[in-house]
Amino acid sequence: MRMRPTLSWTPTEDLPPGTTDLRPVVDALGAGGVLVLSGAGISTESGIPDYRGEGGSLDRHTPMTYQDFTAGARARRRYWARSHLGWRTFGRARPNAGHRAVAALGRHGLLSGVITQNVDGLHQAAGSSGVVELHGSLARVVCLSCGALSPRRELARRLEQANAGYEPVAAGINPDGDADLTDEQVADFHVLPCTQCGGILKPDVVFFGESVPPPRVERCRELVHEAASLLVLGSSLTVMSGLRFVRQAAQAGKPVLIVNLSPTRGDRHAVTRIALPLGTALSTATARLGIPVDATETT
């Protein structure tokens, strides 16, 4: 029997309540060597919804799994029709105050690195360098047959030509760039093969039910080992891909600090959880540290 990946988490124990006291975060940042681990919650203020927060997309949407995507052409047609439309929204998204604060902290030498679970590229657009994209990037496409990588914009152009006049109205956009469309709206969408070998194209992201490439996991483990503390920003830590680094940090005696409005699966490993919007929390923290954040900075 094929198992479905873990998509939700319900607290099974009494967790400490969140706080609005930013002093532990400010103190950790001031000491330097902070490794940031960000999730979908940092991008909500850019207009990209998260999965599990208030009004999260899992209330109405089950993300595509790797098993479903590779199982048949019908699932791939549904995915690419919805993702093609959603890509336009992702292309218009801009970094928010949270992304810009992380970039400013990095420029001032207070961060040892940034790991993001997001696939939207907004950390880099805000000016962060050396970002490890744990779950890949929607800006790239990979062929499952020959492994060729290509820019998403090239496939978007080809899909526009193959599906001229395709302008359905979506009910919503999800964190994975998947637009909410009905089966009728995707029925006539034309999916395109790899230009090099004719194989199946997939966005270069880690789908639910798919494993993060081992070299990427090892790089993240090295970053945790080198860091003085771990700062989790906007992640429920429901899936093991991110939670394992929280556990690693805690087991090594490194402080784990979480900024997330709702309880997370990592709370019992953390010294504190700050229940504030990320833009507010990070803007306040940088201000207390005397670090200027350019409100218009993008790259």
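Q: Why is there no bond between the sulfur of C143 and the closest cysteine sulfur, in C197?
A: This is a predicted model, and in it the two sulfurs sit 3.5 Å apart. A disulfide needs them within 2.5 Å, so this pair is too far apart for a bond.

Q: What about C194: why doesn't its sulfur bond to the closest cysteine sulfur, in C143?
A: Here the gap is 3.8 Å. The cut-off is again 2.5 Å, so C194 and C143 are too far apart as well. In fact, the structure holds zero disulfides.

Q: What makes C143 and C194 buried?
A: The word applies under 20% relative accessible area. C143 has 2% and C194 has 7%, so both count as buried.

Q: How do you know that D21 and R23 meet in a salt bridge?
A: Look at the gap between nitrogen and oxygen in their side chains: it is 2.8 Å. The limit is 4 Å, so the pair qualifies.

Q: Why is R23 called exposed, but D21 partly exposed?
A: Exposed takes over 50% relative accessible area. R23 has 54%, so it earns the word. D21 has 24%, which lies between the 20% and 50% cut-offs, so "partly exposed" is the right label.

Q: Why do R140 and E133 count as a salt bridge?
A: Their closest N and O atoms are 3.4 Å apart. That is within 4 Å, so they pass.

Q: Which of those two, R140 or E133, is buried?
A: E133 is, because its relative accessible area of 14% is under 20%. R140 has 27%, so it falls in the in-between class and is partly exposed.

Q: What is R140 linked to in a network of salt bridges?
A: R140 shares that network with E133 and D204.

Q: What makes E210 and K202 a salt bridge?
A: It's the N to O distance of 3.3 Å between their side chains. Anything within 4 Å will do, so this pair is in. As for the whole structure, it holds six salt bridges.

Q: How do you know that K202 is buried and E210 partly exposed?
A: K202 has a relative accessible area of 2%, which is under 20%, so it's buried. E210 has 26%, so it is past that cut-off but not over 50%, and partly exposed is what we call it.

Q: Why is N96 called buried, even though it lies in a loop?
A: The label depends on accessible area, and N96 has a relative value of 6%. That is under 20%, so N96 is buried. The loop in question runs between helix 3 (73–92) and helix 4 (97–107). Leaving aside neighbours within four places in sequence, N96 is in contact with I42, S43, E45 and S46.

Q: What makes G98 buried?
A: Its relative accessible area is 0%. The cut-off is 20%, so G98 is buried. G98 is found in helix 4, and it touches I42, G279 and L282, not counting residues up to four places away in sequence. Its C-alpha is 9.5 Å from that of S46, although the two are 52 residues apart along the chain.

Q: How do you know that the reach of helix 3 is close to the expected one?
A: Helix 3 has 20 residues, and 28 Å is expected at 1.5 Å a residue. From first C-alpha to last it reaches 29 Å, which is close. Helix 3 also bends by about 25° at H84.

Q: Which parts of the structure do the buried residues of helix 3 pack against?
A: They pack against helix 2 (66–71), strand 4 (136–143), helix 6 (152–162), helix 7 (183–186) and strand 6 (201–205). Those buried residues include Y79, W80 and H84.

Q: Which residues touch the most other members of the largest nonpolar core?
A: V25, L29, L111, L231, L233 and V259 do, in a core of 27 residues. Elements that each supply at least two residues of this core include helix 1 (23–31) and strand 2 (111–116). A second, separate core has 26 residues, among them M64 and F90.

Q: What does L111 touch, not counting residues up to four places away in sequence?
A: L111 touches L29, V34, V36, V102, L105 and G106.

Definitions and conventions
Residues are numbered from 1 along each chain as its sequence is written. This is a predicted model: local features need pLDDT of at least 70, side-chain atom pairs count only at pLDDT 80 or more; totals for chains, interfaces and linings use all residues. Side-chain values use heavy atoms; hydrogens and water are left out. Helices (H or I, at least four residues) and strands (E, at least two) are DSSP runs, numbered from the N terminus. Buried means under 20% relative accessible area, exposed over 50%, partly exposed in between (1.4 Å probe, protein chains only). Contact means heavy atoms within 4.5 Å. The expected span of a helix is 1.5 Å times one less than its number of residues. The bend at a residue is the angle between axes fitted to the seven residues ending there and the seven starting there. A nonpolar core is a set of buried Ala, Val, Leu, Ile, Met, Phe, Trp, Tyr and Cys residues joined through side-chain atoms within 4.5 Å.
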